[in-house]
Amino acid sequence: MATWFNGQSRLVQILLLLPPGINWIVEILVRWSAFFTTKSIPTLFVAVLVTFFGLAFGWIDLIWCLLFRHLIFAGTK
């Protein structure tokens, strides 16, 4: 899911991150997918935080995605 999200156009990424409910679901899917791919501690930490406090991280990730085309600690390498 993380590679799919990062491969989308910036417009699609922003449209998926704008609505609060959809934003939370997309973030959970992308974050856990990124964790299972990278197995890094920062990715795990942010995935757990987003799972419980995802609505607050959504707006931060919207701005991050505008700047860098991926979510914080969810970029694929």
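Biologist: To begin with a single residue, is G54 buried or exposed?

Modeller: The general idea is to compare the relative accessible area with a cut-off, and buried means under 20%. G54 has a relative accessible area of 2%, so G54 counts as buried. Please keep in mind that this is a predicted model.

Biologist: Where does G54 lie, and which residues does G54 touch?

Modeller: G54 lies in helix α4. Leaving aside residues up to four places away in sequence, G54 touches W24, E27 and L49. Separation along the chain may also be set beside separation in space. G54 and A2 are 52 residues apart along the chain, and their C-alpha atoms are separated by 16 Å.

Biologist: Before going further, how many helices and strands are there in the protein chain?

Modeller: The protein chain has 4 helices and 0 strands. Read along the sequence, the pattern is α-α-α-α.

Biologist: What does the radius of gyration say about the protein chain?

Modeller: The general idea is to set the computed value beside the value for a compact globule of the same number of residues. A compact globule with 77 residues would have a radius of gyration near 11 Å, and the protein chain has 11 Å, so the two agree. Along the principal axes, the C-alpha atoms fill a box of roughly 30 × 25 × 20 Å. Of the 77 residues, 34% count as buried.

Biologist: How should contacts along the chain be read?

Modeller: One way is to ask how far apart in sequence the partners are. Among contacts between residues at least 6 apart in sequence, 65% join residues at least 24 apart.

Biologist: What span would a straight helix of 28 residues have, and what does helix α4 span?

Modeller: At 1.5 Å a residue, a straight helix of 28 residues would span 40 Å. Helix α4, residues 41-68, spans only 21 Å between its end C-alpha atoms.

Biologist: Where does α4 bend?

Modeller: The bend of α4 is at F53 and amounts to about 110°. G54, with which we began, is also in helix α4.

Biologist: Which residues of α4 are buried, and what do they pack against?

Modeller: The buried residues of α4 are T43, V46, A47, V50, G54, G58, D61, L62 and C65. They pack against α1 (2-7), α2 (10-17) and α3 (20-38).

Biologist: May we take one further buried residue of α4 and one exposed residue?

Modeller: A47 is in helix α4 and counts as buried, at 1% relative accessibility. Not counting residues up to four places away in sequence, A47 touches R31 and W32. A47 and W32 are 15 residues apart in sequence, yet 5.9 Å apart in space, C-alpha to C-alpha. F45 is found in helix α4 as well, but at 54% relative accessibility F45 counts as exposed. F45 and F35 are 10 residues apart along the chain, and 9.3 Å separates their C-alpha atoms.

Biologist: How does one read the buried side of a helix?

Modeller: An α-helix has 3.6 residues a turn, so residues three or four places apart point the same way. In α2, the buried residues are Q13, I14 and L17. They cover an arc of only 95° around the axis, which puts them on the same side of α2. The buried residues of α2 pack against α1, α3 and α4.

Biologist: Which residues form the largest nonpolar core?

Modeller: This core has 11 residues: A2, F5, I14, L17, V26, V30, A34, L62, C65, L71 and A74. The elements giving two or more residues to this core are α1, α2, α3 and α4. The most comes from α3, with 3 residues.

Biologist: Finally, which backbone feature appears just after α4?

Modeller: One looks here at the sign of phi in residues other than glycine. Just after α4, R69 takes a positive phi of about 65°, although R69 is not a glycine. At 34% relative accessibility, R69 counts as partly exposed. F73 is also found in the segment after α4. Its phi is near 60°, a positive value in a residue other than glycine. F73 is partly exposed, with a relative accessible area of 47%.

Conventions
Residues numbered from 1 in each chain as written. Predicted model: local features only at pLDDT ≥ 70, side-chain atom pairs only at ≥ 80, totals over all residues. Heavy atoms only, no water. Expected span 1.5 Å × (residues − 1). Bend = angle between axes of the 7 residues up to and from the residue. Buried < 20%, exposed > 50% of the residue type's maximum accessible area, 1.4 Å probe, protein only. Contact = heavy atoms within 4.5 Å. Core = buried A, V, L, I, M, F, W, Y, C linked by side-chain atoms within 4.5 Å. Arc of directions from axis to C-beta. Rg over C-alpha atoms; globule rule 2.2 N^0.38 Å.
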